[in-house]
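Okay, everyone, thanks for coming. I'll put the structure up on the screen, and then we'll walk through it together.

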Amino acid sequence: MKIKYLIFLIGFGLTSIGLAYMITFLNYIIIGYNFKEYVYFIIRRIEFYYILIGIILMIISVYSKGDNKNDIYSRYNFKS
């Protein structure tokens, strides 16, 4: 369970770093780049891949199955 939290926090950190750079790179539109050139510039940068890797890590940590000993329902032994 602690590993899931760690993976989520790493993914969140990578996504935050990537998005901060993307917002910073929006200044290129002001200096004369059009949107197509901006997108082409962004997808070639490593920060774009930080966003993708971060989102994938967060999705994996949220949807992966946890340990049974840490699940809420296993403590009470609910039978359905």
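Before we look at any pair of helices, one bit of vocabulary: an angle over 145 degrees between two axes counts as roughly antiparallel, and one under 35 as roughly parallel. And please keep in mind that this is a predicted model.

So, what's in the chain? We have 5 helices and 0 strands. If you read along the sequence, the pattern goes α-α-α-α-α. As for burial, 19% of the 80 residues in the protein chain are buried.

Let's go to the helix pair I want to talk about. Helix 1 covers residues 2-25 and helix 4 covers residues 46-63, and their axes come within 7 Å, crossing at roughly 150 degrees. That angle goes with the cut-off I gave you, over 145, and therefore helix 1 and helix 4 are roughly antiparallel to each other. The crossing of helix 1 past helix 4 is left-handed. And who sits in that contact? Its residues divide into 18 nonpolar, 5 polar and 2 charged.

Now stay with helix 4 and find Ser 61, which lies in that helix. Is Ser 61 buried or exposed? Ser 61 is buried, at a relative accessible area of 5%. What does its side chain have for company? A polar atom of the Ser 61 side chain lies 2.9 Å from the backbone oxygen of Met 58.

Next, charges. How many salt bridges do we count? The count comes to 1. The partners are Arg 45 and Glu 47, and their closest N and O atoms are 3.3 Å apart. For a salt bridge, the cut-off is within 4 Å. Here's what I'd like you to look at on the screen: Glu 47 is buried, with a relative accessible area of 7%, whereas Arg 45 is partly exposed, with 30%.

Last stop, the other end of helix 1. Leu 26 has its place in the loop between helix 1 and helix 2, and helix 2 is 27-30. Leu 26 is partly exposed, and its relative accessible area is 40%. Which residue should you look for from there? Try Tyr 38: it is 12 residues from Leu 26 along the chain, and the C-alpha atoms of the two are separated by 7.9 Å.

To recap: a predicted model, 5 helices, a roughly antiparallel pair in helix 1 and helix 4, and 1 salt bridge. Okay, over to you.

How values were computed. Residues numbered from 1 in each chain as written. Predicted model: local features only at pLDDT ≥ 70, side-chain atom pairs only at ≥ 80, totals over all residues. Heavy atoms only, no water. Axes fitted to C-alpha atoms, helices over the stretch in contact; angles between N-to-C directions. Helix = DSSP H or I, 4+ residues; strand = E, 2+ residues; numbered from the N terminus. Parallel < 35°, antiparallel > 145°, perpendicular 65-115°, else oblique. Left-handed = near helix turned anticlockwise from the far one by under 90°. Nonpolar A, V, L, I, M, F, W, Y, C, P; charged D, E, K, R; others polar. Salt bridge = Lys/Arg side-chain N within 4 Å of Asp/Glu carboxyl O. Buried < 20%, exposed > 50% of the residue type's maximum accessible area, 1.4 Å probe, protein only. Polar contact = N/O pair within 3.5 Å; in protein donor to acceptor, adjacent residues only side chain to side chain.
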